[in-house]
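Grab a pencil and work through these exercises with the structure open beside you. Try each task on your own before you read its solution.

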Amino acid sequence: MLTNVEHIGIAVRDLAASNELFAKLLDVQPYKAETVASEGVSTSFFKVNQTKIELLEATNPESPIAKFLEKKGEGVHHIAFEVDDILAEIDRLKAEGFTVLNEVPKRGADNKLVCFLHPKGTNGVLVELCQEIKE
Ligand SMILES: CC[C@H](C(=O)O)C(=O)SCCNC(=O)CCNC(=O)[C@H](O)C(C)(C)COP(=O)(O)OP(=O)(O)OC[C@H]1O[C@@H](n2cnc3c(N)ncnc32)[C@H](O)[C@@H]1OP(=O)(O)O
Ligand SMILES: [Co+2]
C-alpha cells in the first residue's frame, strides 16, 4: 500500500547553489547530503514538517539526471511514494499494467529501498516507490 508522498525529487545543475536557494525558500538547512553512485546522483534532502524535498545533481553524463537536464532543464524530476511492502507493490503494479523499471528494488538515498515506474505509463510523471530499510 502507498502510504504517503515520501519526497519530491528536483533535478538541479548546481547542488551547492540550489542548496542555498532552497534553504532560503524553505527557511531550513538540508538535513542530509548523500551521493548514490549507482544512480549517478548527488543529493540533498530538506524537510519541512512531513514534506521532504530531494535535490539531485548528476555525477556523470550517463546519469538519468544528466539526460533529464539535457532534455527538460531544471525542475521537478519525480514524485516518491512511501510503501510498506515494496515487493508486494511491484507485483500489484505490474499486474495493473504499469512498467516497473527495476523489478528488483535497489538501494536508494536516505536509507530506502527504491524502484521506479516508467513515466510513459503514469501520465508523464516519473514515480518512485520507497521502503524504509529497517536496520
Ligand atoms: C535512488 C536515489 C534517489 C532516491 O530518491 O533514493 C533518486 O531518486 S535517484 C533519481 C534518478 N534515477 C532515476 O530516475 C531512475 C529511473 N529513471 C530511468 O530509468 C530513466 O530516467 C527513464 C527510463 C525514466 C528515462 O530514461 P531516458 O532518459 O534514458 O530515456 P528517454 O530520454 O528516452 O525518456 C523516455 C521518455 O521519458 C521521458 N522522461 C524521462 N525522464 C523523465 C522524468 N523524470 N519525468 C517525466 N518524463 C521523463 C522522456 O522525456 C521521454 O519521453 P518522450 O516523450 O519520448 O520525450
Ligand atoms: Co528520489
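**Exercise 1. Work out which strands cover the buried residues of helix α3, and which way the helix faces.**

*Solution.* This is a predicted model, so look at it with that in mind.

Step 1: find the cover. The elements lying over the buried residues of α3 include β5, β7 and β8, the last of these spanning 127-132.

Step 2: name what is being covered. Helix α3 takes in residues 86-95, and its buried residues are E89, I90 and L93. Around the axis they span an arc of only 105°, which means they sit on the same side of α3.

Step 3: check that against helix geometry. An α-helix has 3.6 residues a turn, so residues three or four places apart point the same way.

Step 4: turn the helix around. On the face pointing away from the buried side you'll find the exposed residues A88 and A95.

Step 5: walk off the end of the helix. Just after α3 comes G97, with a positive phi of about 95°.

**Exercise 2. Put the strands in their sheet order and find the edges.**

*Solution.* Step 1: take stock. The protein has three helices and eight strands. Following the sequence, you meet them as β-α-β-β-β-α-β-α-β-β-β.

Step 2: lay the strands side by side. The eight strands make an open sheet with mixed pairing, in the order β2-β3-β4-β1-β5-β8-β7-β6.

Step 3: look at the ends of that order. Here β2 (32-36) and β6 (106-107) are the edge strands, and each has a single partner, so one side of each has no neighbour in the sheet.

**Exercise 3. Trace the pairings of β1 and β5, and say whether each is parallel or antiparallel.**

*Solution.* Step 1: start with β1, residues 2-11. Its pairing with β5 is antiparallel and has eight bridges. One pair to look for is I10 with V76 in β5.

Step 2: move to the pairing of β1 with β4. These two run parallel, joined by four bridges. Here A11 has L56 of β4 as its bridge partner.

Step 3: go on from β5 to β8. Four bridges link this parallel pair. To spot it on screen, find I79 opposite V127, and A80 opposite E128.

Step 4: think about the side chains. In a regular strand they alternate between the two faces of the sheet.

**Exercise 4. Describe the shell of residues around ligand 1.**

*Solution.* Step 1: get the head count. Ligand 1 is surrounded by 25 residues, and the closest are P64, G108, A109, P119 and L126.

Step 2: ask where the shell comes from. At least two residues each come from β4 (51-58), α2 (64-72), β5 (75-83) and β7 (112-117). The largest share belongs to α2, with five residues.

Step 3: sort the shell by class. You get 13 nonpolar residues, six polar ones and six charged ones.

**Exercise 5. Decide whether G75, N111 and N123 are buried, partly exposed or exposed.**

*Solution.* Step 1: recall the cut-offs. Count the other C-beta atoms within 10 Å: 20 or more means buried, 12 or fewer means exposed, and anything in between is partly exposed.

Step 2: apply them to G75, which sits in strand β5. It has 10 C-beta neighbours inside 10 Å, so G75 is exposed. Leaving out residues up to four places away in sequence, G75 touches I10 and A11.

Step 3: try N111, in the loop between β6 and β7. With 13 other C-beta atoms within 10 Å, N111 comes out as partly exposed. Its phi is near 60°, a positive value in a residue other than glycine.

Step 4: finish with N123, in the loop between β7 and β8. There are 7 C-beta neighbours inside 10 Å, so N123 counts as exposed. N123 isn't a glycine, yet its phi is positive too, at about 55°.

**Exercise 6. Is the protein as compact as a globular protein of its length, or less so?**

*Solution.* Step 1: recall what there is to pack, namely three helices and eight strands. The radius of gyration is 15 Å, close to the 14 Å that the globule rule gives for 135 residues, so the protein is as compact as a globular protein of that length.

Step 2: add the overall dimensions. The C-alpha trace spans about 40 × 30 × 25 Å along its principal axes.

Step 3: look inside. Of the 135 residues, 30% are buried. Among contacts with a separation of 6 or more, 52% are between residues 24 or more positions apart.

Key:
Residues are numbered from 1 along each chain as its sequence is written. Chains are lettered from A and ligands numbered from 1 in the order in which they are written. This is a predicted model: local features need pLDDT of at least 70, side-chain atom pairs count only at pLDDT 80 or more; totals for chains, interfaces and linings use all residues. A residue is near a molecule or strand if its C-beta atom, placed from the backbone, lies within 6 Å of it. Ala, Val, Leu, Ile, Met, Phe, Trp, Tyr, Cys and Pro count as nonpolar, Asp, Glu, Lys and Arg as charged, and the others, Gly among them, as polar. The arc is that of the directions from the helix axis to the C-beta atoms. Two residues are in contact if their C-beta atoms, placed from the backbone, lie within 7 Å. The radius of gyration is taken over C-alpha atoms; the globule rule is 2.2 Å times the number of residues to the power 0.38. Two strands pair if DSSP finds at least two bridges between them.
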